[in-house]
Each structure stands twice: as C-alpha cells, then as structure tokens.
Amino acid sequence: MIIRVFLFRTKGKMMRSLFFILLIKVVVSLTPEEVRSFASSVPEGGKLWALLVAGSNTWDNYRHQADVCHAYQVLHNHGIPDEQIVVMMYNDIAHNSFNPTPGVIINHPHGPNVYKGVPLDYTKDDVLPKNFFNILWGNETALKNVGSGKVIKSNPNDHVFVYFSDHGAYGFICFPGFVSENDYDNGDITNDQLISFLKDYYAAKKYSKMVLYIEACESGSMFIDLPKDINVFATTAANKDESSSSCYYDEKLYTYLGDVYSVNWMEDSDKEVLSKESLEKQFRIVKQETNTSHVKQFGDLTISKMPVSEFQGRKQAKPITYPKVPFDAVPSNEVPVEILKRKIERTNSIREKHELKKQLYKLLKNRRFADNVVKEIVWYLSFGDEDTYNRMHLRPNGIKNNCYYEAVRYFRKQCFNYNKNEYLLRHLYKLANICNEGVPLSKIEEAMDVVCTHPPVCGIK
C-alpha cells in the first residue's frame, strides 16, 4: 500500500487539526503488521548500547580483532559514548612480534589505525561466553574484578547492538578463552544457549529493540529458531551450511585484514548518513556486495525498517571512503593454508622457502589426519552401511535434541580441541546428522573412544 501525505505550511489550527485527523485515519486503516512497521521506522529516544566481540586470537586471525576495532570506530564516530560500548578482544595483535607497526591495526589496505582509542574492556582469558552473557545482562556482581567490569545497563527504552566476529560451526560460535580439561563450556556459545538467553533477555525487559550482526562460518545456523516476537533482528555473514570469507590480504603483514561481510557493513556505515539509511537497506547492500557467501536475516524484520542510526549511533559523522581494492577473498577455514602459500611465493630465500614448505606439508598432513579420524567415527557409527554413511555426510536440517551439543563437547575432549584448530569446525555438522539419525550419545562416545584412542593410519579407506 502506498500512502502519499501532502503537508501545507499553515498557521491555522483548523488545518493542523484536519491533518492529524487524516493521519489517525490512515494509521487506523493499516493492518497490525503495517502498524508495527510504521512505528518501527520512527527513531526512538532511549540510549544506544553495544557489545563488540572478537572471538579468536593469534596472528593468522588478525582480521577478527581488526573487524571489532573498526566496528568500535564506526559507533564512536557516530556518537555512542565509550561507557555504552563494551569491547571483548584477546588483544594479542596490536603489539604482536609479527606486527611491524606496534600499536597499529588496520582493517583496509589503505585504512587508518582502528586500534586507537579502543576500550579494552575484556581481554585474554576474560573473552569467555559466560562473560558475554553477564555483560549483556548487566550482571556487575559476576564481573567484579574481571576486566573493566563494564556491563550493558540497558532498560526497556534502550536499543542494544551486538557485533561478533570469529569462527563458527553448525550451531556454534567460538571464543578464544581457556578451555580446561574439566570445563568444556568455556569455548563456545551454542544455538540453543543464545536463543534461550535472548528469550530471557526479552522477558526481563532489558531492551526495546535488539540487533545482532554475526561474522562466522555457518553463522546462519545460530538463528534458525530465533522467534519473531521478541524484538530481535539478526543478520549473518553466511547461511547455515557455508563458510564466510576473509579479505584484504596484506603483503607486508602476511595476514588478512578483514572479513567480506564485516568490511561491507562497516564501510557502508562509514560513508552513509545513518539516519537516512534503514537496516534493511544496509542488509541489501551487504548481501549484494558479499558474493562469497549468502548473507541472511532473521527474527523481527519490522525492525529492519528502522534507521541504522538507532543502533550504530545518532550523531552525523564525516563520511569516510576507502580506495577500491580487490577483496582477494578466501574461505575462512583456508586462511592458514593461503598465508603459507603466499609466503612461499614471495620469498627469495631458498632456506626460508624450504622451511615454509615443511610447515605447509605438516599443516595439510594434520588436516588429512583429522579428516580420516572423523571419517572413521562416522563409518563406525554407520555399521558399515553405505546408505547410512552417505546420509551422515549430508547437510543437516536442524538440531533435534541436545545429543549434538554433547557429542561435540566429547569430540573436543577425546579427539581434537577445535578451539585451537578451526579447520575441524567444518566437520561438526556430521555429528548433528549422526544424532538426527537417532544414534544414542553413548554409542557416539564409544566410537570416539575407539577411534581417537587408537587413531587410524592416515590414508586408509
């Protein structure tokens, strides 16, 4: 339905009264869904809060912390004060021994230092899922003597923006925090944990509207069950089955500076007048420009009619544009391999080239070994039936029960710690298929005990 309203400048009370009567009639004639959309497009007056999270560490994962630092600059430039922005990042990049410019992090080959001024609220082993949830909930008691102790003190009138950049798997997003032998809940957030928290968060009236942007492989799997009636809108870098992609390889830093989805939304926010751009428009722009994965949206889509400024800052900022350079994109799980290959191509030292080739061979050999271990687990549980084995390699359609999450935790404990080797994340969906096949958790754990205690020789089968 298209509504055209013509306003005439007048001093007459009668004309103004007539206009408001007509406006009321128009609004009353709308359907309930159209009323919500109309109301959501109007800027509100509550505070804006933000939680920015980089869920990885190490130099190869430079891009995730660069993404989060850039996100901070976007929000800061658009007027959100530091006391309303919480940053979680491991903080091992800016002063890393590989960094030729200590104290500098960039998110574009020709971009500024995005590390400058970033509030380092939670770093190192404080970047944990439990802290993530406590920050959002505003639980200052739980965070006493942890990091800066800063939390999001939002109320029912406020808007909350969450941006997360890291690795992910089917139904998981990962954190870099320490995972001890007896604590296997500290390394990730699962789909069911996130959705359960968001429902409780809404029920407790902690916010008016909430928006989440998630940069991770298979990130669409995090919001399959997101309700549409809890005032939450989410977008993801990829669908539930695919990898997201890194971009902007830097020949001097020997690493990738950003992620395609992330730099697309941030570079858009840098140059646009956010009060005149809706979340829906930004989503469409990012979706079109991210041709390496399928950007998705979930939840209450009426929120997407609201201005970006209602979540990323209401202040008019000076536009920032960057020179166009090739994305040079590569799937995130291939980043360590691609970095080594580029180093090998670039070096003129025979000795260094030989050493790099050894590192690449070892990396690929370890991957083949991991591939084979997972293959043996699936084969063990399919009881040698070829049809069952093949079904277990299809992409899953949902998570039917808690079996999957428990199987993943046992896999991390008994076989491989995927928090230290993100390549393994690409295999986890197979455990969802196994659980969906109705295989008991006890049988899955038995298979892992057999295969991972006595791992098969690489290359068999």
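**View 1. C403 and C435 form a disulfide in this predicted model.** C403 counts as buried because its relative accessibility is 12%, below the 20% cut-off. C435 counts as buried too, at 4% relative accessibility. Their sulfurs lie 2.1 Å from each other. The bond ties together distant parts of the chain: C403 sits in helix α12, C435 sits in helix α13, and the two are 32 residues apart. The torsion about this S-S bond is -70°, a left-handed link.

**View 2. C415 and C452 form another disulfide.** Here the S to S distance is 1.9 Å. The torsion about the bond is about 90°, so this disulfide is right-handed. Again, distant parts of the chain are linked. C415 lies in the loop between α12 and α13, while C452 belongs to helix α14, 37 residues apart. Both C415 and C452 are buried. The whole structure holds 2 disulfides. Counting bonded cysteines along the chain, their pattern is 1-3, 2-4.

**View 3. C217 has no bonding partner within reach.** Why does C217 not bond with C174? The closest cysteine sulfur to that of C217 is in C174, 9.6 Å away, which is too far for a bond. C217 is buried, at 8% relative accessibility. C247 also counts as buried, at 0%.

**View 4. Helix α13 is mostly covered.** The helix spans residues 429–436, and 8 of its 8 residues are buried. Among them are Y429, K430, L431 and N436. What covers them includes α10, α11, α12 and α14. After α13 comes G438, with a positive phi near 90°.

**View 5. Three strands make an open sheet.** The order is β10-β9-β12, and the pairing is antiparallel. β10 and β12 are the edge strands, each pairing on one side only. β9 and β10 pair over 4 bridges. One bridge partner is Y256 in β10, matched with Y249. Helix α3 packs on the sheet and touches β9 and β10. The direction of α3 makes about 40° with that of β10.

**View 6. Helix α9 lies across β9, β10 and β12.** It runs at about 140° to β10. α9 has 12 residues, 335–346, and reaches 16 Å from its first C-alpha to its last, close to the expected 16 Å. Its buried residues include V335, P336, I339, L340 and R342. Their cover includes helices α3 and α10, along with strands β9, β10 and β12.

Key. Residues are numbered from 1 along each chain as its sequence is written. This is a predicted model: local features need pLDDT of at least 70, side-chain atom pairs count only at pLDDT 80 or more; totals for chains, interfaces and linings use all residues. Side-chain values use heavy atoms; hydrogens and water are left out. The expected span of a helix is 1.5 Å times one less than its number of residues. Buried means under 20% relative accessible area, exposed over 50%, partly exposed in between (1.4 Å probe, protein chains only). Contact means heavy atoms within 4.5 Å. Two strands pair if DSSP finds at least two bridges between them. Axes are lines fitted to C-alpha atoms, for helices over the stretch in contact, and angles run from 0 to 180 degrees between N-to-C directions. A disulfide is a pair of cysteine sulfur atoms within 2.5 Å.
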